[in-house]
Amino acid sequence: MALKRGMDVKMEKKEIFKTVDHTLLTQTATWKDIKQICDDAITYQTASVCIPPSFVKRAKEYVDGRMAVCTVIGFPNGYNTTYVKVMETKEALDNGADEIDMVVNLGDVKDGKFDEVLEEIRQIKKACGDKILKVIIETCLLTEEEKIAMCDVVTKSGADYIKTSTGFSTAGATFEDIELFSKHIGKDVKMKAAGGITSFDDAIRFIELGASRLGTSRIVKLAKNESANGY
């Protein structure tokens with residue numbers, strides 16, 4: 001989805017919100033905090049609310065069909081075993097998750113064990129069935145060659161999205177990474193830019209480059225005239 005810079009501002013922001021996974025993944029998040037981002041996500045009609053697995057069941061009941069619930073698997077380091085990630089995924093789905101964002105095993109990526117990374121993603125996608133799976137490759141920790149290799153792995157895996165970042169490492173999404181993804185992913189793979197999206201201008205640029213999801217909490221905070229810090 002490409003946005004025209006001449007669009008009416010209200011419509012432009014509405015279209016941006018439709019791409020946002022409104023996110024709260026901090027370790028100290030309370031149920032009160034989770035309810036607030038659910039309320040905000042419903043108000044601004046974001047694509048989903050992305051929250052820790054422990055809150056999925058309550059959040060799903062709370063939003064009551066008004067908002068998709070996304071959660072994270074193997075987060076944020078990715079070094080859980082495949083078995084644990086698959087079980088995490090199944091439990092999250094049983095609790096009502098609509099979308100799963102998983103972190104790959106970065107040690108395997110660094111070791112060039114791309115067949116093992118591929119098999120893990122395939123197992124998690126099998127557990128997801130028709131639910132959306134996004135694959136976080138943590139771009140800030142990878143070389144360009146590793147990023148390109150992961151574009152191929154994610155394409156082969158059957159996952160729905162390749163995602164830049166957890167927001168918990170050394171950096172978040174960059175325009176350059178989304179440009180790189182767009183050149184190397186398969187036609188059925190979508191892109192999610194996450195972490196460090198600090199303004200509506202940033203959001204528009206990521207969308208213009210081809211990202212169809214944005215992982216951020218700051219966009220809604222800006223709309224509410226709150227301090228745009230955090231994820």
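The following paragraphs describe helix packing, buried loop residues, backbone geometry and cysteines in a predicted model.

Helix α8 is a good place to begin. This helix spans residues 175–184, and its buried residues are D177, I178, L180 and F181. These four lie on the same side of α8, because they cover an arc of only 160° around the axis. This arrangement recalls a general feature of the α-helix: with 3.6 residues a turn, residues three or four places apart point the same way. On the face turned away from the buried side, α8 carries the exposed residues E176 and K183. The partners of the buried residues are two helices, α7 (144–157) and α9 (200–208), together with the strands β6 (161–163) and β7 (190–194).

Helix α7 also packs against α6, which covers residues 114–128. Two packed helices are described by the angle between their axes and the distance between the axes. For α6 and α7, the angle is about 35° and the axes are 9 Å apart. The crossing of α6 past α7 is right-handed. From α6, the residues F114, V117, L118, I121, R122 and K125 take part, and they meet A149, M150, V153, K156 and S157 of α7. Sorted by class, this contact holds seven nonpolar residues, three charged residues and one polar residue.

The loop between β5 (132–136) and α7 is home to T139. With a relative accessible area of 1%, T139 is buried. Leaving aside residues up to four places away in sequence, T139 touches K147, T164, S165, G172, D177 and F181. Two of these partners, D177 and F181, belong to the buried set of α8, which ties the loop back to the helix described above. E138 occupies this loop between β5 and α7 as well, and is likewise buried, at a relative accessible area of 2%.

A second buried loop residue is F55, found between β2 (48–51) and α3 (56–63). The relative accessible area of F55 is 9%, so this residue counts as buried. Beyond residues up to four places away in sequence, F55 touches A29, T30, W31 and I34. For one of these contacts, that with W31, the separation is 24 residues in sequence, while the C-alpha to C-alpha distance is 7.4 Å.

The backbone offers some welcome points of interest. Most residues other than glycine have a negative phi, and most peptide bonds are trans. E138 has a positive phi, near 50°. Phi of Q45 is also positive, near 55°; Q45 sits in the loop between α2 (31–44) and β2. Here the burial differs: Q45 is partly exposed, with a relative accessible area of 44%, whereas E138 is buried. A cis peptide bond links F75 to P76, with omega about -5°. P76 falls in the loop between β3 (69–73) and α4 (82–94).

Finally, the cysteines form zero disulfides in this structure. For C38, the closest cysteine sulfur is that of C50, and the gap of 11 Å is too far for a bond. C151 is in no disulfide either, as the nearest cysteine sulfur, in C140, is 15 Å away. Both C38 and C151 are buried, each with a relative accessible area of 0%.

Technical notes
Residues are numbered from 1 along each chain as its sequence is written. This is a predicted model: local features need pLDDT of at least 70, side-chain atom pairs count only at pLDDT 80 or more; totals for chains, interfaces and linings use all residues. Side-chain values use heavy atoms; hydrogens and water are left out. A disulfide is a pair of cysteine sulfur atoms within 2.5 Å. Buried means under 20% relative accessible area, exposed over 50%, partly exposed in between (1.4 Å probe, protein chains only). Contact means heavy atoms within 4.5 Å. The arc is that of the directions from the helix axis to the C-beta atoms. Axes are lines fitted to C-alpha atoms, for helices over the stretch in contact, and angles run from 0 to 180 degrees between N-to-C directions. A crossing is left-handed if the near helix is turned anticlockwise from the far one by less than a right angle, and right-handed if clockwise. Ala, Val, Leu, Ile, Met, Phe, Trp, Tyr, Cys and Pro count as nonpolar, Asp, Glu, Lys and Arg as charged, and the others, Gly among them, as polar.
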